[in-house]
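Reader: I am new to this structure and would like to go through it step by step. Could you take my questions in turn?

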Amino acid sequence: MDNMKLPKEKVGDFLAKLGKEKFRVPQQMEGSSKFAPLNGESNADFTLSNTTVPPKSIFYPQTETLYRYNVGETAMEAPGEVDEMIIMGIRPCDARALSTVDKLFTWDPVDPYYKSRRDKATMVGLACQEPRTNCFCTSVGGGPASTEGLDILMTDLGDSYLFQVLTEKGEKICQEAGDILVKSDDSDVQAAEKLHNDAAQKIVRGIDSQDIPEKLPQLWESEIWKKVSDPCLGCGACTFLCPTCHCFDIQDEVEGLEGRRCRVWDSCMFKEYTLHTSGHNPRPSRRERTRNRINHKYSYFVDKFGVIACVGCGRCINLCPVNIDILNILSQVKEAL
Amino acid sequence: MADLEKLITVAKETVSRDDVKYLIGWRQGTYGFRVSPHFITEPEEADKLIFSPLCSNNLATYLTLVEKLPVPRGQEADTRKIALMVKGCDSRAVVQQLVEQGIKRESVIILGCPCQGVVDLAKVEEKFPAGLEQVAARWDDGKIVFQFSDGEKAVPREEVLADKCLRCRYPNPVLADTLLWEEVEAGSSSDEYADVSELEAKTPEERWSFWEAQFSSCVRCYSCRNVCPMCYCEDCILDRLNPTWVNRSNNISENTAFHLSRAFHLAGRCIECGECERVCPVNIPIMTLNRKLTKEVREKFAYEPGTDPASKPLQASYRPNDQENFIL
Amino acid sequence: MKENPYQPYIATIEDTWFETVGDRAVKTFKVTLDDEEARKNWSHRPGQCAMVGRLGIGESMFCISCSPTEGDFLRFSVMRAGKNTQGLHEQEVGDKITVRGPYGNSFPLEDWKGKHILTIGGGIGQAPLRPIVEYVKANLDQYAGLTMIYGARTSGDLCFKNEFEEMAKRDDIAAHLTIDIEEEGWDYNVGFVPSMLMDVGPSPDNTIAITCGPPIMIKFVLENLKKLNFADEQIFTTLENRMKCGFGKCGRCNVGNMYVCKDGPVFSYAILKNIPEASA
Amino acid sequence: MSEQFEPNVVAFLCNWCSYAGADLAGTSRIQYPPNLNVIRVMCTGRINPLFVINAFQQGADGVLVSGCHPGDCHYMEGNYFARRRFTMMKELLDYVGVDNKRFHMSWVSASEGAKWKDVVKSTVDEAKEVGPFAQFQRNKINW
């Protein structure tokens with residue numbers, strides 16, 4: 001399909017035409033930003049860089065009911081099907097993160113909750129033009145205009161958005177939008193490509209990730225783990241707000257006679273994440289937990305699924321209260337190798 | 001004035017002592033205005049130590065954060081001291097930990113750093129967007145001077161200092177084994193709890209809608225809990241499952257219960273270092289909640305935590321004539 | 001397995017009894033799945049695990065402590081330790097519990113045909129070994145032999161004691177029971193499991209050794225097996241870790257790059273010794 | 001709503017004074033509102049302030065904590081500690097917007113059956129006045 005253009009003054013029409021209730025868009029909330037349904041009051045903000053809370057929260061919410069039941073009875077009822085969604089304005093790194101996590105959630109057996117949401121979603125990405133200081137997508141296989149995991153890639157051309165249609169799902173959106181979208185020509189694509197290249201040039205941080213996956217486990221007893229984890233507070237900021245972190249806990253919650261079994265985000269940086277009932281903890285201190293986090297992202301996940309479970313969004317660096325910097329850890333790893 | 005040379009010399013001496021396990025100070029972070037806690041076991045590592053308006057971290061939290069791992073059979077427990085650099089507010093945390101017997105006096109060496117206030121990173125980054133370049137800073141007579149590679153930029157302290165520092169009444173360590181340089185003048189700062197009063201003046205409905213929005217955005221990463229030097233229970237109620245005090249699901253009910261429990265557990269213990277609010281990734285004004293209780297504690301019980309090593313914890317003591325006009 | 005892997009089957013407790021008593025009592029449950037279809041489709045192999053729990057309390061991972069050769073039911077031996085196990089201990093015959101699974105790999109008993117099987121268990125660690133014992137017992141003609149070493153702190157801490165005593169009487173199976181400290185009325189051996197292993201002194205020829213028990217016991221058992229010239233490939237164990245999902249999604253049970261729930265729980269020592277996290 | 005709202009009030013009573021006081025009110029046939037769910041504890045000092053939060057989470061419209069008068073505690077000083085705690089808890093609840101009328105504390109001795117009636121009446125009346133609690137109870141959450 002041809003590339004299309006959405007004039008900025010038509011964004012409102014576009015949202016209305018496709019059905020506002022379908023959209024999940026980046027929004028600035030109280031003190032943070034996240035993807036949320038478009039409603040009367042909230043406004044899509046496509047100028048936001050990466051949202052504080054990554055869009056994984058749409059597909060894999062922090063709290064998700066697996067099934068409901070009444071205490072004392074045996075019937076279980078899973079929540080109903082989700083409706084179709086359009087995720088508009090997702091950054092390429094976050095989209096890549098989802099296609100990374102897909103590998104795990106569709107690993108046998110398939111996770112039905114995650115999968116059904118993924119199937120129902122059309123991903124309209126927005127190419128980055130102003131990467132932030134701690135963005136390093138280009139080091140881990142991505143880029144400010146990476147198309148992986150996207151159905152449409154939008155590029156801000158100033159007075160309009162260029163829609164580069166990548167999949168059938170994307171095509172469907174364009175067809176539905178009808179004449180709200182206008183045809184684009186080659187010059188638009190050239191302009192977009194230039195913007196994409198310029199953006200890639202603006203990325204200042206990075207690491208050569210080659211060799212790391214194979215060699216990381218060799219540093220098991222290295223001193224660096226103690227050193228980098230000393231300041232760690234053991235909080236979940238890095239993992240909860242990481243777009244590829246996917247660990248969860250399953251809990252039964254009961255109110256009166258109504259109960260549910262739900263899953264909630266969990267973090268490998270928490271003490272009780274691996275704590276056995278006997279009191280034994282295979283990862284007793286922050287050193288082991290930090291080591292596991294880095295190893296999982298840069299080695300174990302690669303062994304299992306062939307990709308690094310880090311997309312270089314820089315959230316963990318930006319949000320760490322004590323400046324634990326994954327790039328700094330990796331460069332120490334490189335030195336030690 | 002902060003004397004870096006003195007600081008490094010003392011740190012080297014301290015960390016060379018046989019009875020010192022390690023020393024905790026600050027060093028320049030990996031980019032921009034960031035600063036990271038610096039753990040030192042060897043004297044030469046002390047050269048990286050800094051003390052500047054960027055050193056917000058309250059290092060007292062590491063006294064209680066360190067895991068007590070089982071001692072392998074045949075080995076003896078390491079009882080060496082931990083040396084710690086503290087600002088005025090940080091020292092209050094140490095004092096309160098001592099008051100509560102969370103730590104032992106003989107297990108810490110306190111190196112006091114009289115402080116002229118640390119910056120609020122958000123305020124700084126609004127003025128100077130953070131780049132990769134590591135920027136140092138220093139105090140200079142009512143101004144904060146940022147040292148960029150292409151020159152220095154001075155900003156009036158009021159514009160970039162953290163709110164807690166603008167109303168600071170304890171710039172000098174309350175307790176220290178060594179004071180690294182002369183005390184700074186306490187200045188005329190007073191604390192009228194304007195932020196708290198502002199909220200108090202509203203109706204309950206308005207207050208709830210304010211907090212409802214705040215608590216809803218919480219992701220329960222527990223940074224606020226973990227960074228807090230006073231949150232050091234080995235078995236936190238938030239982690240417990242049997243009984244489950246607060247469910248793990250994220251919704252307004254559990255989030256409110258979490259925030260109220262956390263705030264209440266700090267009643268009469270919060271030393272107002274503001275770390276919880278600083279570390280919150282979704283910028284919940286946690287101190288506005290904590291300060292309500294500090295205000296009440298000060299007004300109703302004339303108690304200020306972390307100021308007197310000889311005092312008793314507020315909630316572990318009472319006076320028969322404590323006011324009780326709310327009781328039916 | 002169900003379409004929604006998170007949704008468990010409802011099972012009814014057919015029979016239940018205490019193996020040991022005390023604070024950390026072990027209670028065994030014999031359960032059958034309520035759904036006939038599910039019962040027909042359920043197939044597990046020795047070594048596999050299942051998530052067992054109660055609606056309203058929670059679920060935990062337990063090894064299935066029976067062999068499919070025993071019949072159309074499942075057995076779980078549960079030590080009372082936390083919230084979920086306490087919840088299970090409160091259940092009696094006729095009560096409903098939730099079961100999902102089976103999860104994980106299993107002991108390659110097919111590959112072991114013709115070999116001599118040696119199990120070395122300690123305490124509740126015998127539970128995952130029991131299905132092997134039962135399986136081999138049922139197919140004894142296909143194996144070169146079966147030797148069991150099982151110990152616990154006291155005779156009161158021994159699980160499946162009656163079964164052992166019966167087997168000890170048989171000529172075609174060698175069953176060695178031991179307790180750590182001398183006790184009045186105890187007719188069997190006294191001493192730690194690793195030293196018992198040395199006393200028995202099994203030959204490594206054509207033998208597979210499977211061990212499970214407390215970490216400290218495993219450590220010395222491994223040392224002693226090496227002394228007896230067992231090769232790494234001849235030694236197997238089964239691991240446990242905290243688990244939530246049971247099929248490689250929730251993340252926590254990994255040992256190095258292996259998920260215990262999916263790649264395990266059964267590992268040969270030849271594999272484990274190369275994972276730094278496991279050797280610790 | 002045609003039916004009058006009847007609040008659900010959770011009352012934590014100490015075993016030695018307030019519970020006995022409530023008992024006395026009963027045996028003396030003193031009438032008081034039946035909206036109370038009484039939870040007996042050994043001492044007000046045993047009441048974790050988180051019980052109050054939890055009560056609200058589980059659907060209480062009001063909470064009452066009642067114990068011995070200062071100086072009368074069976075355990076000498078339990079109520080003094082409780083007084084400090086609930087002084088702060090009341091302020092905290094009010095500050096986040098839980099109406100002051102929803103949480104009360106009282107001293108009721110074993111002989112004060114009549115006072116118990118007054119305390120219950122005013123607690124229930126105030127909870128009625130502010131209506132059903134609709135802030136952070138669990139059943140408000142859409143599972």
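Reader: In chain C, what share of the contacts between residues at least 6 apart in sequence join residues at least 24 apart?
Author: Happy to start there, and please keep in mind that this is a predicted model. Chain C has eight helices and 15 strands. Counting the contacts between its residues at least 6 apart in sequence, the share that joins residues at least 24 apart is 67%.

Reader: What is the radius of gyration of chain C, and what would a compact globule with 280 residues have?
Author: The C-alpha atoms of chain C fill a box of roughly 50 × 45 × 35 Å along the principal axes, and 52% of its 280 residues are buried. A compact globule with 280 residues would have a radius of gyration near 19 Å, which agrees with the value for chain C, 18 Å.

Reader: Which two chains have the most contacts among the five pairs of chains that touch?
Author: Let us first set one pair aside: no contact joins chain C and chain D, and their closest C-alpha atoms lie 15 Å apart. Another pair brings 35 residues of one chain into contact with 37 residues of its partner, namely chain A with chain B. Among the five pairs of chains that touch, the most contacts are between chains A and B.

Reader: Which element gives the most to the side of chain A that touches chain B?
Author: Three elements of chain A give two or more residues to this side: α9 (237–240), β11 (248–255) and β12 (258–265). By class, the side of chain A that touches chain B has 15 nonpolar, 13 polar and seven charged residues. The element that gives the most, with three residues, is β11(A).

Reader: Which strands stand at the edges of the open sheet in chain A, and why is one side of each left without a neighbour?
Author: The open sheet has four strands in the order β5-β4-β12-β11, with antiparallel pairing. An edge strand has a single partner strand, so one side of it is left without a neighbour in the sheet; the two edge strands of chain A are β5 (76–77) and β11.

Reader: What is the bridge partner of D252(A) in β12(A)?
Author: Strands β11(A) and β12(A) pair in the antiparallel sense, over eight bridges. For D252(A), the bridge partner in β12(A) is R261(A).

Reader: Which element gives the most to the side of domain 1 of chain B that touches domain 2 of chain B?
Author: Chain B is divided into domain 1 (1–181) and domain 2 (190–323), and their C-alpha centres lie 24 Å apart. Where they meet, 22 residues of domain 1 are in contact with 19 residues of domain 2. Two elements give two or more residues to the domain 1 side, α2 (61–65) and α3 (88–99) of chain B. With nine residues, the element that gives the most is α3(B).

Reader: Which helix gives the most to the largest nonpolar core?
Author: In soluble globular proteins, nonpolar side chains tend to be buried together. The largest nonpolar core here has 301 residues, and those touching the most other members are I87(A), L84(B), V86(B), V63(D) and L92(D). The helix that gives the most to this core, with ten residues, is α3 (residues 78–96) of chain D.

Reader: Which residues is I87(A) in contact with, leaving aside its neighbours within four places in sequence?
Author: I87(A) is one of the core residues that touch the most other members. Without the neighbours within four places in sequence, its contacts are R24(A), F35(A), P55(A), I58(A), A121(A), M123(A) and V124(A).

Key. Residues are numbered from 1 along each chain as its sequence is written. Chains are lettered from A and ligands numbered from 1 in the order in which they are written. This is a predicted model: local features need pLDDT of at least 70, side-chain atom pairs count only at pLDDT 80 or more; totals for chains, interfaces and linings use all residues. Two residues are in contact if their C-beta atoms, placed from the backbone, lie within 7 Å. Ala, Val, Leu, Ile, Met, Phe, Trp, Tyr, Cys and Pro count as nonpolar, Asp, Glu, Lys and Arg as charged, and the others, Gly among them, as polar. The radius of gyration is taken over C-alpha atoms; the globule rule is 2.2 Å times the number of residues to the power 0.38. A residue is buried if 20 or more other C-beta atoms lie within 10 Å of its own, exposed if 12 or fewer, and partly exposed in between; C-beta atoms are placed from the backbone. Domain bounds come from an automatic or database domain assignment. A nonpolar core is a set of buried Ala, Val, Leu, Ile, Met, Phe, Trp, Tyr and Cys residues joined through C-beta atoms within 7 Å. Two strands pair if DSSP finds at least two bridges between them.
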